[in-house]
There are 2 protein chains.
Amino acid sequence: MKQQRNTKQRQMILDAVQTRLDHPTADQIYLDVRTIDKRISRGTVYRNLNVLTGQGKISHVKLPQTDRFEADAKLHYHLICTKCGAVCDAPLPYQKELDEMASAHTDYQILRHRTFFEGICPACQKKKD
Amino acid sequence: MKQQRNTKQRQMILDAVQTRLDHPTADQIYLDVRTIDKRISRGTVYRNLNVLTGQGKISHVKLPQTDRFEADAKLHYHLICTKCGAVCDAPLPYQKELDEMASAHTDYQILRHRTFFEGICPACQKKKD
DNA sequence: ATGGGTGCAAAGTGTTTGCAAGTAT
DNA sequence: ATACTTGCAAACACTTTGCACCCAT
């Protein structure tokens, strides 16, 4: 694997993800970092989010619409509001038995699974439209 | 809800999805339908795939990269090869208990969940690179 | 010094949309 | 006749990339 350096941009991007408690999109990270260094480019943010994900320092949350990133690298599920798009962690443990079941019944070499729940968040329920 | 018509384009698109045994992308459907009617447009395909999904006649498989569609409208999981992108149905039943668990532990009104397994398909395993 | 990294802008993907003309009901 | 649909092309939203310069090691 190629040697990877520690640039100040990469560090700022990691800090930005770790600072946020939610699930920011790449563009939100870009905007956050830009408040500190207004010369950073979107390309650099995208490239580094991928590098940091590869290093296991952050995780890439693959959802419909727009992908998101978060500091918590442990496997877990997400909840997404189909009205407003809000994303939060799901209060359920990762079901590793599902990977075992899938492995047992297919010839795929199963690595993991990703699950996201679709529903209406409390705020949108109140709007009752 | 607005009245929906039965156009020949819509029917051809539904037929195309039902004819395929795999999980075609919108563009694959477009190409398939084009072999029959070379005047159809991508916009029409996208619009109708959404309409048909809304009618419950087909299902929209939301995966990273490119969304796919399939004739089977029952809830089920998918397997995706991280090397070649191949998609197939997972041999596991939909775990409705997960929806109940999520409902019990959050204030979201849970509608469903989507799960996809990531792994290496048999063909790519043989390539052993 | 050397090769990974950055900024910039252009190019890609995949999908949606405005509009005038067409057509199912 | 009415209003849902279509074809076309332009517009979008998000992400990747080529390139010349820069900088961490």
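In this predicted model, DNA strand D has 22 residues around it, and those that come nearest are Tyr46(A), Arg5(B), Thr7(B), Arg10(B) and Thr44(B). Of the strand D atoms that come within 4 Å of the protein, 66% are accounted for by sugar and phosphate. Tyr46(A) shows what such a backbone contact looks like: an N or O atom in its side chain sits 2.5 Å from a phosphate oxygen of strand D. Chain B joins in through Asn48(B), whose side chain places an N or O atom 3.1 Å from a phosphate oxygen of strand D. A base gets some attention too, since a polar side-chain atom of Arg47(A) lies 3.4 Å from a base oxygen of strand D.

As for where these residues sit in the fold, at least two residues of the surface near strand D are supplied by each of H3 of chain A, helix H1 (8-19) of chain B and H3 of chain B. H3(A) gives the most, with four residues. Sorted by class, the surface near strand D has eight charged, eleven polar and three nonpolar residues.

Now for the other DNA strand. DNA strand C is surrounded by 21 residues, and the closest are Arg5(A), Thr7(A), Arg10(A), Thr44(A) and Tyr46(B). Sugar or phosphate makes up 66% of the strand C atoms within 4 Å of the protein, and the rest belong to bases. Several chain A residues reach phosphate oxygens here. The side chain of Thr7(A) has an N or O atom 2.7 Å from one, and Arg10(A) has a polar side-chain atom 2.9 Å from one. Arg39(A) makes its approach with a polar backbone atom, at 3.4 Å from a phosphate oxygen. The elements giving two or more residues to the surface near strand C are helix H1 (8-19) and helix H3 (42-54) of chain A, plus helix H3 (42-54) of chain B. Here the largest share, four residues, comes from H3(B). By class, this surface holds eight charged, eleven polar and two nonpolar residues.

Next comes the protein itself. Chain A is built from five helices and five strands, which follow one another along the sequence as α-α-α-β-β-β-β-α-β-α. Its C-alpha trace spans about 50 × 45 × 20 Å along the principal axes.

The two protein chains also meet each other. In chain A, 34 residues are in contact with 34 residues of chain B. About 3,100 Å² is buried between the two chains, with carbon and sulfur atoms giving 71% of that area. On the polar side of the story, 13 residue pairs are in polar contact between chains A and B. The side of chain A that touches chain B draws at least two residues from each of strand S3 (78-81), helix H4 (96-105), strand S5 (109-120) and helix H5 (122-127). S5(A) provides the largest share of that side, twelve residues. The residues on this side of chain A split into 19 nonpolar, nine polar and six charged.

S5(A) also pairs up across the interface: eleven bridges join S5(A) to strand S5 (residues 109-120) of chain B, and the two strands run antiparallel. Within this pairing, His113(A) stands opposite Phe117(B). Two salt bridges are found across the interface of chains A and B. One salt bridge brings together the side chains of Arg114(A) and Glu118(B), with 2.5 Å from N to O.

Methods
Residues are numbered from 1 along each chain as its sequence is written. Chains are lettered from A and ligands numbered from 1 in the order in which they are written. This is a predicted model: local features need pLDDT of at least 70, side-chain atom pairs count only at pLDDT 80 or more; totals for chains, interfaces and linings use all residues. Side-chain values use heavy atoms; hydrogens and water are left out. Contact means heavy atoms within 4.5 Å. Buried area is the accessible area (1.4 Å probe) that two parts lose on being put together, summed over both. A salt bridge is a side-chain nitrogen of Lys or Arg within 4 Å of a carboxyl oxygen of Asp or Glu. A polar contact is a pair of N or O atoms within 3.5 Å; within protein, one must be able to donate a hydrogen and the other to accept it, and residues adjacent in sequence count only if both atoms are side-chain atoms. Ala, Val, Leu, Ile, Met, Phe, Trp, Tyr, Cys and Pro count as nonpolar, Asp, Glu, Lys and Arg as charged, and the others, Gly among them, as polar. Two strands pair if DSSP finds at least two bridges between them. A residue is near a molecule or strand if one of its heavy atoms lies within 4 Å of it.
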